[in-house]
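Trainee: I am new to this structure and should be grateful for a close look at a single part of it. Please begin with a pair of residues, move on to the element beside it, and then set that element in the context of the whole chain.

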Amino acid sequence: MGMGRPRAFDTDQAVSTAAALFATHGYEGTSVDDLVTATGIHRGSLYKVFGSKRGLHLTALRNHLDHEIHPASAAIATLTDPRQALNAAIASYDNGPAAGLLLLAAAERAPHDPEVAALVAEGITALEDALRPSHGDAAPQLASTVLGTRLRLRAQPTAPKEH
């Protein structure tokens, strides 16, 4: 007896596409229809694999931590020169993709969703820990500054970007 039809879509690609939508439009600003259209996955398959929009969001956030936040933090942690470490953090978190989804999740979902709050805390702690070798006890304050700067930059109106 067979195990049913194999999935007709790439789960990693679907999660990556969903993460980009959530990072751009937020959780509330991304509808299930948006996810279905962007990923090309039928609504039924989306629910079967991820359970819900929230399930897909949690999977995207976990993936974001594993593939962007933690690698960026690991690279920053190897730098002992304070200026180099700060520049690397700014490049990763202010200009790069590393903090976009994390910050939106922190502002929008963490206050209402303990699982999102735990993932956000993990991401923030990773940055603090990464800055500790170069900045010691000032690492948490510096991490807050880096993330706050990213949040401020996000709040500024910008011309539409080519994606």
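**Helix 1 and its surroundings**

Mentor: F22 and Y27 are both buried. The model in which they appear is a predicted one. The structure holds 1 aromatic pair. The ring centres of F22 and Y27 are 5.9 Å apart and the ring planes lie at 20°, so this pair is stacked. An angle under 30 degrees between the planes is what counts as stacked.

F22 leads directly to the element that you asked to see closely, since helix 1 covers residues 11–25. Its length may be checked by simple reasoning. With 1.5 Å allowed for each residue, the 15 residues of helix 1 should span 21 Å, and the C-alpha atoms at its ends are indeed 21 Å apart, which agrees.

The start of the helix deserves attention next. D10 is placed in the segment before helix 1 and caps the N-terminal end of that helix, with a side-chain oxygen 3.0 Å from the backbone nitrogen of D12. The side chain of D10 also has a polar atom 3.2 Å from the backbone nitrogen of Q13. D10 has a relative accessible area of 47%, so this residue counts as partly exposed. The C-alpha atom of D10 is also separated by 9.5 Å from that of I41, a residue 31 positions away along the chain. At the other end, just after helix 1, G26 takes a positive phi of about 80°.

Between these two ends, which residues of helix 1 are buried? They are A14, V15, T17, A18, A19, L21, F22 and A23. These buried residues pack against several partners, namely helix 2, helix 3, helix 4, helix 6 and helix 8.

The packing of helix 1 belongs to a wider picture. In soluble globular proteins, nonpolar side chains tend to be buried together. Here the largest nonpolar core has 43 residues, and those touching the most other members are F22, L56, I76, Y93, L127 and L131. At least two residues of this core come from each of helix 1, helix 2 (32–39), helix 3 (43–50), helix 4 (53–77), helix 5 (82–95), helix 6 (100–108), helix 7 (114–135) and helix 8 (139–155). Helix 4 contributes the most, with 8 residues. F22 therefore has two roles in this account: a member of the stacked pair with Y27 and one of the core residues that touch the most other members.

The chain as a whole has 8 helices and 0 strands, so the pattern along the sequence reads α-α-α-α-α-α-α-α. Of its 163 residues, 39% count as buried. Among contacts in the chain with a separation of 6 or more, 64% are between residues 24 or more positions apart.

Charged side chains add a further set of links, for the structure holds 8 salt bridges. One of them joins R54 and D113, with N and O at 2.6 Å. R54 lies in helix 4 and D113 in the loop between helix 6 and helix 7, so the pair ties together parts that are 59 residues apart in sequence. Are these two partners buried or exposed? R54 is partly exposed, at a relative accessible area of 29%, whereas D113 counts as buried, at 2%. Both belong to a network of salt bridges that links E28, R54, R109, D113 and E115.

Other salt bridges lie within one helix. R62 and D66 form such a bridge, their closest N and O atoms being 2.9 Å apart. Both residues are in helix 4, separated by 4 residues, or about one turn. R62 counts as partly exposed at 30% relative accessibility, and D66 is likewise partly exposed at 37%. In helix 7, the side chains of R132 and D129 meet in a salt bridge, with N to O at 2.7 Å. R132 and D129 are 3 residues apart, about one helical turn. The spacing can be understood in general terms: an α-helix has 3.6 residues a turn, so residues three or four places apart point the same way. R132 is partly exposed at 35% relative accessibility, and D129 is partly exposed at 40%.

How values were computed
Residues are numbered from 1 along each chain as its sequence is written. This is a predicted model: local features need pLDDT of at least 70, side-chain atom pairs count only at pLDDT 80 or more; totals for chains, interfaces and linings use all residues. Side-chain values use heavy atoms; hydrogens and water are left out. A nonpolar core is a set of buried Ala, Val, Leu, Ile, Met, Phe, Trp, Tyr and Cys residues joined through side-chain atoms within 4.5 Å. Buried means under 20% relative accessible area, exposed over 50%, partly exposed in between (1.4 Å probe, protein chains only). The expected span of a helix is 1.5 Å times one less than its number of residues. Contact means heavy atoms within 4.5 Å. A polar contact is a pair of N or O atoms within 3.5 Å; within protein, one must be able to donate a hydrogen and the other to accept it, and residues adjacent in sequence count only if both atoms are side-chain atoms. A salt bridge is a side-chain nitrogen of Lys or Arg within 4 Å of a carboxyl oxygen of Asp or Glu. Rings of Phe, Tyr and Trp (its six-membered ring) pair if their centres lie within 6.5 Å; planes under 30 degrees apart count as stacked, over 60 as edge-to-face and the rest as tilted.
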